[in-house]
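Take a look at the chain below. The walk through it starts at one cysteine and moves on to disulfides, cores, a cavity and a few single residues.

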Amino acid sequence: MASMKKSIIAAGLSFLPLIHAQNPASTSPGNPSLTTWKCTTSSGCVAQDTSVVLDWGYHWIHTVGGSQSCTTSSGVDKTLCPDEATCSKNCVVDSANYTTAGVSTSGGTLTMNQYYQSNGAITNASPRLYLLGSDGDYVMMKLLGQELSFDVDLSTLPCGENGALYLSEMSATGGANQYNTAGAKYGSGYCDAQCPVQTWRNGTLNTGGQGYCCNEMDILEANSRANAFTPHPCSSSDCDKGGCGFNPYALGQQNYWSPGGTVDTSKPFTITTQFVTSDGTTTGKLTEIRRQYIQNSKLIANAKSSAGVSSITEPWCESSDGSAAGFGGLTTMGQALGRGMVLIFSIWNDAGGNMNWLDSGSSGPCSSTEGNPSLIQSANPGTHVVFSNIRWGDIGSTFTNPGGSGSSSSTITTTTKATTTTTSTRTTTKTTTTTSANTASQTHWGQCGGNGYTGPTSCASPYTCQKQNDYYSQCL
């Protein structure tokens, strides 16, 4: 699914008293604890001493021993920060205010609010958080040949909202160096497949205005009306920004994900995502990304298209995303998962496009205007998402099958309003769409233009190529 969330969030953060300085102002960043669990089939799940840290764009950067901001509305104060060394000498980064950022934790539960309300005033919080280990570095989840499970409650997320949980191949230290000793403990080093251009690039002053690309795996981008999960592999200089997203509604399953649907989004449920390799090991080639749900003590198989597609495979990616093969597809994604990726949480809405790519038109039941942030703030100021019970490890170790087995290789039951059918999560049926070279067109969500882009510029009917920015246009 071609989410533009990262560039939009980066643009939004530019209006905060932010940016990204160097050395910490205090000995403790004050990051709230969030218990997670690492699991094996032999020993079960072991609690981890983890916490969450707000992106350093939410941290106050000010003069050493003073209160003058080292940033302006357009970036760093060039008098205080003409270069890295001088900025490091003049400025420090302070701990963040998690309350006003809409964040709270309790044990293994994380709640993220879109808006912060105080004394009748409403401000847009839209927090983005990273999972931090006890050593002060980001937790590098190595999920090749493994699985990730978590519980989620997105019942208050209306059309236009996006409660997201995803992985990016950020630096474990947040790019810490001699001029940026704060590093991961203060949320530095963000990157993703949209290649955001920020004032700082992996903890270093971005004097060249370069984008910062890295492999990204979107585990969940969702509200109560629509959802998608999407791999975004990268080359050395660019990424598959569109990706081969799996969206049940777009595949014809319009009652699968909804309040009262097969997955009833008015209530909490468990999501498990499995990264299956060719040889069943944690070093093999990634061949399939599987999804399943547990709700009301029932194991629910992933939605299946009319063509029989129920998981993300290489043939599926190549048939649905014309850019996938050029970036190495699942092979590249699997290599990143094997090296380790950082777990990221966010909640956001989209002033530029009302989140139509996720939940409107052929992607979902929402109208093109329902997702307008001003309407959300007026009608749903309490909108929020809750993530909890985050577990990762061996396939079959992070969840208990209500039927009696933890392994997802067993046959599971898909529950619908009218019928109950039995399927296997190992189904790999795929579509076989082909396109001749001289009539190539891009598929839904695929890239169709932008500076330096050389792929198809026309979109498959009924989609049209819509400019997102100078570097990226998308079939919508």
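Is cysteine 159 buried or exposed? Cysteine 159 is buried, because its relative accessible area is 5% and the cut-off for buried is under 20%. Keep in mind that this is a predicted model.

Cysteine 159 has a partner. It forms a disulfide with cysteine 366, and the two sulfur atoms are 2.0 Å apart. The torsion about this S-S bond is -80°, and the link is left-handed. The pair connects distant parts of the chain, 207 residues apart. Cysteine 159 sits in the loop between strand E15 (146–153) and E16. Cysteine 366 sits in the loop between helix H5 (356–359) and helix H6 (373–379). Cysteine 366 is buried too, with a relative accessible area of 5%.

How many disulfides does the structure hold? There are eight. Another of them joins cysteine 70 to cysteine 91, with an S to S distance of 2.1 Å. This link is left-handed, with -100° about the S-S bond. Cysteine 70 lies in the loop between strand E5 (61–63) and strand E6 (71–72), and cysteine 91 lies in strand E8 (residues 91–93), so the disulfide ties together parts that are 21 residues apart in sequence. Both cysteine 70 and cysteine 91 are buried.

A further disulfide joins cysteine 195 to cysteine 213, with an S to S distance of 1.9 Å. Which hand does the link of cysteine 195 and cysteine 213 have? Its torsion about the S-S bond is about 115°, so this disulfide is right-handed. The pair links distant parts of the chain, 18 residues apart. Cysteine 213 is in the loop between strand E18 (204–205) and strand E19 (216–222). Cysteine 195 is in the loop between strand E16 (161–168) and strand E17 (200–201). The two ends are not equally covered. Cysteine 195 is buried, with a relative accessible area of 13%, whereas cysteine 213 counts as partly exposed at 23%. Cysteine 195 also stands out in its backbone: its phi is positive, about 55°, although it is not a glycine.

Serine 126 shows a positive phi as well. The value is about 45°, and again the residue is not a glycine. Serine 126 is found in the loop between strand E12 (121–124) and strand E13 (128–132). At 12% relative accessibility, serine 126 counts as buried.

Now turn to the interior. The largest nonpolar core has 73 residues. Which of them touch the most other members? They are Met141, Leu148, Phe150, Trp257 and Phe345. Strand E27 (residues 341–349) gives the most to this core, with six residues. Look at methionine 141 in detail. Residues up to four places away in sequence are set aside here. Methionine 141 then touches Leu131, Leu148, Leu167, Leu337, Gly340, Met341, Leu343, Ile390 and Trp392. Apart from the largest core lies another one, of 13 residues. Its members include Trp56, Cys70, Cys87 and Ala182.

Next comes empty space. Rolling a probe the size of a water molecule over the atoms shows where such space is left. The count comes to one cavity of 30 Å³ or more. This cavity has a volume of about 40 Å³. What lines the largest cavity? The lining is Trp56, Gly189, Tyr190, Gln198, Trp200, Arg201, Asn202 and Gly203. By class, three of the lining residues are nonpolar, four are polar and one is charged. Trp56 has come up before, among the members of the 13-residue core.

End at tyrosine 116. Tyrosine 116 is found in strand E11 (residues 115–118). At 24% relative accessibility, tyrosine 116 counts as partly exposed. How far apart in space are tyrosine 116 and glycine 102? Their C-alpha atoms are 5.6 Å apart, while 14 residues separate them in sequence. Leaving aside its neighbours within four places in sequence, tyrosine 116 is in contact with Thr99, Thr100, Ala121, Ile122, Thr123 and Ala125.

Conventions. Residues numbered from 1 in each chain as written. Predicted model: local features only at pLDDT ≥ 70, side-chain atom pairs only at ≥ 80, totals over all residues. Heavy atoms only, no water. Core = buried A, V, L, I, M, F, W, Y, C linked by side-chain atoms within 4.5 Å. Buried < 20%, exposed > 50% of the residue type's maximum accessible area, 1.4 Å probe, protein only. Helix = DSSP H or I, 4+ residues; strand = E, 2+ residues; numbered from the N terminus. Contact = heavy atoms within 4.5 Å. 1 Å grid on protein atoms, 1.4 Å probe; cavity = no way out; pocket = protein on both sides within 12 Å on 5 of 7 lines; lining within 4 Å. Points joined across faces, edges and corners; volume = space filled by probe spheres on them. Nonpolar A, V, L, I, M, F, W, Y, C, P; charged D, E, K, R; others polar. Disulfide = S-S within 2.5 Å.
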